[in-house]
Amino acid sequence: MTKDNSTQEDQSNAKARRARGEFVRGVSGFRHTIGDADFPPEPGRYHLSVALNCPWCHRVTLARNVLGLQDSITMDVAFPNRTTEDDPEGPNLWEFAPERIATLTGKPLPECTAETGTGNSLRLAKQIYRAEGSQEQSVPILYDKIAGRIVNNESAEIIRMLDGAAKALGSTIPEADRVRLYPDTLSERAEIDDLNDLIYTTINNGAYKAGFSSDQRIYAAAFDAYFETLAKLDDLLSDGRAFLTGAHFTEADLRLFPTLYRHDPVYFVRMKLNGARILDYPHVWRWLCRVYALPGITDAGSLVHCRQGYFGRSWNGVVPAGPFKPMAYPEAYERPNLA
Ligand SMILES: N[C@@H](CCC(=O)N[C@@H](CS)C(=O)NCC(=O)O)C(=O)O
């Protein structure tokens, strides 16, 4: 499957780089594929465990929706804030706790669920891994409910396999109307691969490189690379094309959306990416609104979960109330002419 630098970070000297204050993302260990002998494509067999504040999970919830797989692939949603120091199982763990109160709203979050995929009503995502002897703890997780096994925990591969097996998995969208995230034409695939490389390194993971690195020079380099790519994308979209590779929505658009959806209301503050808003890039802004208007996009994500997740446990836990100018988010994404 995809083992290129659009999927994961180069891990060389990761320990030394982390010691120097660089945020280096780890590598996902479960890399099976639907279609392998053990994992036949069957409707109702597979299950996703996600958190709606996680941008990698957002790729997967977007693919599930735009491919019409909401009925055939069940899904659990963890609470946006991970466990705290006093948790008996340890801190920073994704928890399925639909009763937990969000400080942002003062109420439980209606999208959150218990853990239903394994049939064991587990409290933590970590426990899904421990059942298979793994020390991992990340989301998203694609799980086989028949085999009782984890298939894959790498979002780049999960979206690719859902796209390839959508029909056999029981998509409710007729083939002729269903989007092809990774079309067969080699030229389009090459264009998508190049965009994926640039966008993964400087935007998707770049945002974390800026926001979570504790070295000024590493932060500054990530900051510059992020806004350089935004300027390049604004230029690319200035020729009137609807989507990144032309007339059709593809995997490249799907992978760019989660980060830009979070930029103005979250990353501008939380990741110190305060160089500009997406609103300041008119062609990228109109692209963002165009994607937001596509069927299945709005309910694949939640800015309430994002704000609660990124701020609810950072600093003193108080979640910033803005922005409200020119208008509140996500409603602003319904106004392409704001830019
Ligand atoms: N490469 C993975 C990255 C997944 C990932 O890093 N997820 C984060 C949430 S945003 C996570 O669960 N991190 C917790 C951990 O690894 O302990 C993918 O794209 O699926």
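## Elements and model

Helices in this report are DSSP runs of H or I with at least four residues, strands are runs of E with at least two, and both are numbered from the N terminus. The model is predicted, and the values given below are computed from it.

## The cavity between the domains

The structure holds one cavity of 30 Å³ or more, and about 40 Å³ of space lies in this largest cavity. The elements that contribute two or more residues to its lining are α2 and α8 (251-270), and α8 gives the most, with four residues. The residues that line the largest cavity are Pro55, Trp56, Arg59, Asn204, Tyr208, Arg255, Pro258, Thr259 and Tyr267.

By class, five of these lining residues are nonpolar, two are polar and two are charged. Because domain 1 (14-169) and domain 2 (186-338) both give residues to the lining, the largest cavity lies between them.

## The largest pocket

About 1000 Å³ of space lies in the largest pocket. Its lining is made of 33 residues, and those that lie nearest the centre are Phe23, Arg25, Arg82, Trp94 and Tyr208. Tyr208 has also been named above as part of the lining of the largest cavity.

Three helices, α2 (55-66), α6 (206-212) and α10 (303-311), each supply at least two residues of the lining of the largest pocket, and at least three lining residues come from each of domain 1 (14-169) and domain 2 (186-338). Divided by class, the lining has 14 nonpolar, 13 polar and six charged residues.

## The second largest pocket

The second largest pocket holds about 350 Å³ of space, and among the 14 residues that line it, Val66, Asp177, Val179, Arg180 and Phe249 lie nearest its centre. The classes represented in this lining are nonpolar, with seven residues, polar, with four, and charged, with three.

## Aromatic rings and charges

A search of the whole structure finds 18 aromatic pairs. One pair, formed by Phe243 and Phe249, is edge-to-face, with 5.9 Å from centre to centre and 80° between the planes. Phe243 counts as buried because its relative accessibility is 7%, and Phe249, which has a relative accessibility of 9%, therefore counts as buried as well; the cut-off for buried is a relative accessible area under 20%. Phe249 is also one of the residues nearest the centre of the second largest pocket.

Elsewhere, ring pairs link Phe23, Trp56, Tyr200, Tyr208, Phe212, Tyr267 and Tyr310 into a cluster. Of the residues in this cluster, Trp56, Tyr208 and Tyr267 appear in the lining of the largest cavity, while Phe23 and Tyr208 are among the residues nearest the centre of the largest pocket. Arg25 lies over the face of Tyr208, at 4.6 Å from the ring centre. In a further arrangement of this kind, the charged end of Arg160 sits over the ring of Tyr182, 3.4 Å from the centre of that ring.

## Backbone features

Two cis peptide bonds can be described here. One joins Val139 and Pro140, with omega about 5°, and Pro140 is placed in the loop between α3 (125-130) and β5 (141-144). Another runs from Gly322 to Pro323, with omega near -10°, and Pro323 is found in the segment after α10. Gly317 has its place in the segment after α10 too; Gly317 counts as buried because its relative accessibility is 16%. The C-alpha atom of Gly317 is separated by 9.3 Å from that of Leu104, although these two residues are 213 residues apart along the chain.

Positive phi values are also found in residues other than glycine. Asn13, in the segment before α1 (14-19), has a phi of about 50°, and Asn13 is exposed because its relative accessible area is 58%. Ser121, whose place is in the loop between β4 (107-108) and α3, has a phi near 45°, and Ser121 counts as exposed because its relative accessibility is 59%. The cut-off for exposed is a relative accessible area over 50%.

Notes:
Residues are numbered from 1 along each chain as its sequence is written. This is a predicted model: local features need pLDDT of at least 70, side-chain atom pairs count only at pLDDT 80 or more; totals for chains, interfaces and linings use all residues. Side-chain values use heavy atoms; hydrogens and water are left out. On a 1 Å grid over the protein atoms alone, a cavity is a set of points where a 1.4 Å probe fits but cannot get out, and a pocket is an open set with protein on both sides within 12 Å along at least five of seven lines; lining residues have an atom within 4 Å of a point. Grid points are joined across faces, edges and corners, and a volume is the space filled by probe spheres set on the points. Ala, Val, Leu, Ile, Met, Phe, Trp, Tyr, Cys and Pro count as nonpolar, Asp, Glu, Lys and Arg as charged, and the others, Gly among them, as polar. Domain bounds come from an automatic or database domain assignment. Rings of Phe, Tyr and Trp (its six-membered ring) pair if their centres lie within 6.5 Å; planes under 30 degrees apart count as stacked, over 60 as edge-to-face and the rest as tilted. Buried means under 20% relative accessible area, exposed over 50%, partly exposed in between (1.4 Å probe, protein chains only). A charge sits over a ring if NZ of Lys or CZ of Arg is within 6 Å of the ring centre and within 35 degrees of the ring normal.
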